[in-house]
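Got the sequence and the coordinates open? Let's take a walk through the fold, one piece at a time.

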Amino acid sequence: MSSVAVKAQSGAPSAFPRALLPLSKAPIWALQRHYFDRTGIAAWRGNIVPSYVTTNPFCAGTYAEMLRDLFAGQDGPVDVVELGAGSGRFAYALLTRLFEGEGPPPPLRYIMTDVSEANIAFWRAHPDFARFIAAGRLDFARFDVETGDELVLQVSGRRLRPDAPAATLAVIANYVFDGTTQDLFAVAAGELTELLVEADGLPMPGAGREGEDLEVPALAYRSMPCPPDRYADPAWNGLLERYRKALGQGAFLLPGGALACLSRLRRLSAGAFVTLTCDRGRTRLEDYEAEPPPQPLSHGSFSFEVNYDALAGWTRASGGLALLPEAHASIAVAALALGLDAAGERRLAESYRRHVRTFGPDDFFVLKQAFDRDWETMNLRQLIAFLRLSAWDPTVFTICYDGLVTRLADATVRERRTLTEGVKAMWKHYLHLGEDVDLAFRAGGLLAGLGAFADAIPFFELSLKRHGKDPSTRKNLAYCRRRAAENGGC
C-alpha cells in the first residue's frame, strides 16, 4: 500500500493502522444527512447552503422550456420527480411557468421529494403551493436518493414502484448528486488504484447542534490496487476500465450514489426516462488529467464535484442519449435520456441546443456575477434589460432596488410600464421562505415611485403582515391609499 497525496497530519503517528474506507463508506455522508434532518428549511432560508445558481427564475425557465419542448402533446401524463427539492423555490418557479404561463400546459404531474420530512411538511403547508395541489398538478413524497426504490405520493396515495411504474418519468436533480456518495480512484502509468479515506478522527453522525454549519475536515487518502471487478455492476467496471486506458495520470470520482439512484428510478418508468440535472462538475475525461485527489467543499453542508462524463458514459452504454455542455464556467447542465424514440431524441437535442448550449443557466450566472459587481455603473435601461433577462429575479431586483428608485425620475413612459408589469411578474414567481429581507416593501416602494399607487397597496399591506407594523411602511401605505383615491382607484 502506497501513500498518494496524503494530507499532513498533526501529532505523533498512531501505533495502529488507521481505519481505511472507500470514500462512499466514510461517515461524512451520514453526517450530511443528519445535518439536513436537523436544519430543515432553515438551511435555505438564511442561504446557509447555497442554492441560488440552480433555483433562480432563469434556471427554472430553462427547464420549463425543455419540458414543454419534449412533452407538449404527449399522450397520457408524465410524472416529473424533483430530487432534493430543498427550499421549494425551483419547483414553485417551474410550476408557475408551466401551468400559469402562455399556451396550453403540458400533461405533467410534478412530484417534490426530499429525505427531510420537515421540508416536505413546509411545502405542503405553504399557501402558495395550495392551488397546484388542488388542481392535481403537485404531489409530494419522501425519497432517499441513496436507497429509495419507490415513491409513495402523500396527496394522491399513488405509488410508483417497479411493478406499477409510470408511463413516462422525468427526473430533475439540481445540486443533488454533488452531495451523494462517490468513490475515488487514480490512474498512473496505466495502473488503476482506489483512494481510501483514513476514517480515524472524522466526525460521526450526531455531531453538531442546531444552527451550526457542518464541519468536515480535510480528508487523508491512501491508495490500494483496484481489481477489475471492483463493482457488482459490469457497467460501472467498464467506466473504470475506460479511465484506466484513456487517462495518463490523475484522480477522478465515480458518482456511485447518482448512478445507483438513476438505475433504481429507471425501473419506475415503463417508457421514456429523462433526467435534467445541473451541478458543479466536469464533463470530459480529459478534465481529470493530472488532477490531485479532491477535498469536500464546505458551504453549510459539503459537496464534491459531479463526474458528468461518467454519468454520460453510463447513459450511452445503456443505449441512451447524453447531452453535455461544450464548455461551462460554474455549473454544468446535462440531459440524460433512456427509452426515447428517434423523434423524442431529436426534440430533446434541439431544445438542449437552444436553451443550454446557445445561452443557458451557466451563462446567466456568469453575467449575474458581473452584475453584482458593476450594477451601479448601469443606467436604467441597462438595469431593466438585465431584470428582463433574469426573468424578473427577486434577488436581482433586491440588489439594484436603490438604483432603480434613484433613476426613476428619468424613466420614459415605456420604461415605467415595463417596470410596473415586471414587479407583478416577479411576485408571481416568488416563494416566500420567511426571510428577513422585506421584498414586499421594496415592490410596493418601486410601484409607488412609478405612480402605480393602487398596485402598491397590497404589497405594503403584506409587508405589515409579515414583518410587523413598521412606521415607514404604514406611512407609505397611507400615502398610496390617499393617492389611489384621488386618482379614482388607480
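We'll begin with the whole chain, then look at a strand and its partners, and end with two helix pairs.

First, a caution: what you're looking at is a predicted model. The protein chain comes to 18 helices and 19 strands. Of its 490 residues, 52% count as buried. Now consider the contacts in the chain with a separation of 6 or more: 77% of them are accounted for by residues 24 or more positions apart.

Now scroll to strand β19, residues 332-338. How many of its residues are buried? Seven of the seven are, so the strand is largely enclosed by the rest of the structure. You can see how that works by following the side chains: Ala 332, Ala 334, Leu 336 and Leu 338 point one way, while Val 333, Ala 335 and Ala 337 point the other way, and all are buried.

Which strands pair with β19? One is β13 (residues 273-279), which runs antiparallel to β19 and is joined to it by seven bridges. To find your place in that pairing, look for Leu 276, whose bridge partner in β19 is Ala 335. Another is β18 (residues 321-323), also antiparallel to β19, with three bridges joining the two. Here a handy marker is Ala 322, which has Leu 336 of β19 as its bridge partner.

On to the helices. Two packed helices are described by the angle between their axes and the distance between the axes. Take α12 (residues 361-374) and α13 (residues 380-389): their axes come within 11 Å and cross at roughly 145°. That crossing is left-handed. From α12, the contact uses Phe 364, Leu 367, Lys 368 and Phe 371, and from α13 it uses Leu 383, Phe 386 and Leu 389. Sort those contact residues by character and you get six nonpolar, no polar and one charged.

The other pair is α14 (residues 394-407) and α16 (residues 439-449), whose axes come within 11 Å and cross at roughly 40°. The two helices are therefore oblique to each other. α14 passes α16 in a left-handed crossing. Where do they touch? On the α14 side, look for Pro 394, Phe 397, Thr 398, Tyr 401, Leu 404 and Val 405; they meet Leu 439, Arg 442, Ala 443, Gly 445 and Leu 446 of α16. The residues of this contact divide into eight nonpolar, two polar and one charged.

Methods. Residues are numbered from 1 along each chain as its sequence is written. This is a predicted model: local features need pLDDT of at least 70, side-chain atom pairs count only at pLDDT 80 or more; totals for chains, interfaces and linings use all residues. Side-chain values use heavy atoms; hydrogens and water are left out. Buried means under 20% relative accessible area, exposed over 50%, partly exposed in between (1.4 Å probe, protein chains only). Helices (H or I, at least four residues) and strands (E, at least two) are DSSP runs, numbered from the N terminus. Two strands pair if DSSP finds at least two bridges between them. Axes are lines fitted to C-alpha atoms, for helices over the stretch in contact, and angles run from 0 to 180 degrees between N-to-C directions. A crossing is left-handed if the near helix is turned anticlockwise from the far one by less than a right angle, and right-handed if clockwise. Contact means heavy atoms within 4.5 Å. Ala, Val, Leu, Ile, Met, Phe, Trp, Tyr, Cys and Pro count as nonpolar, Asp, Glu, Lys and Arg as charged, and the others, Gly among them, as polar. Angles under 35 degrees count as roughly parallel, over 145 as roughly antiparallel, 65 to 115 as roughly perpendicular and the rest as oblique.
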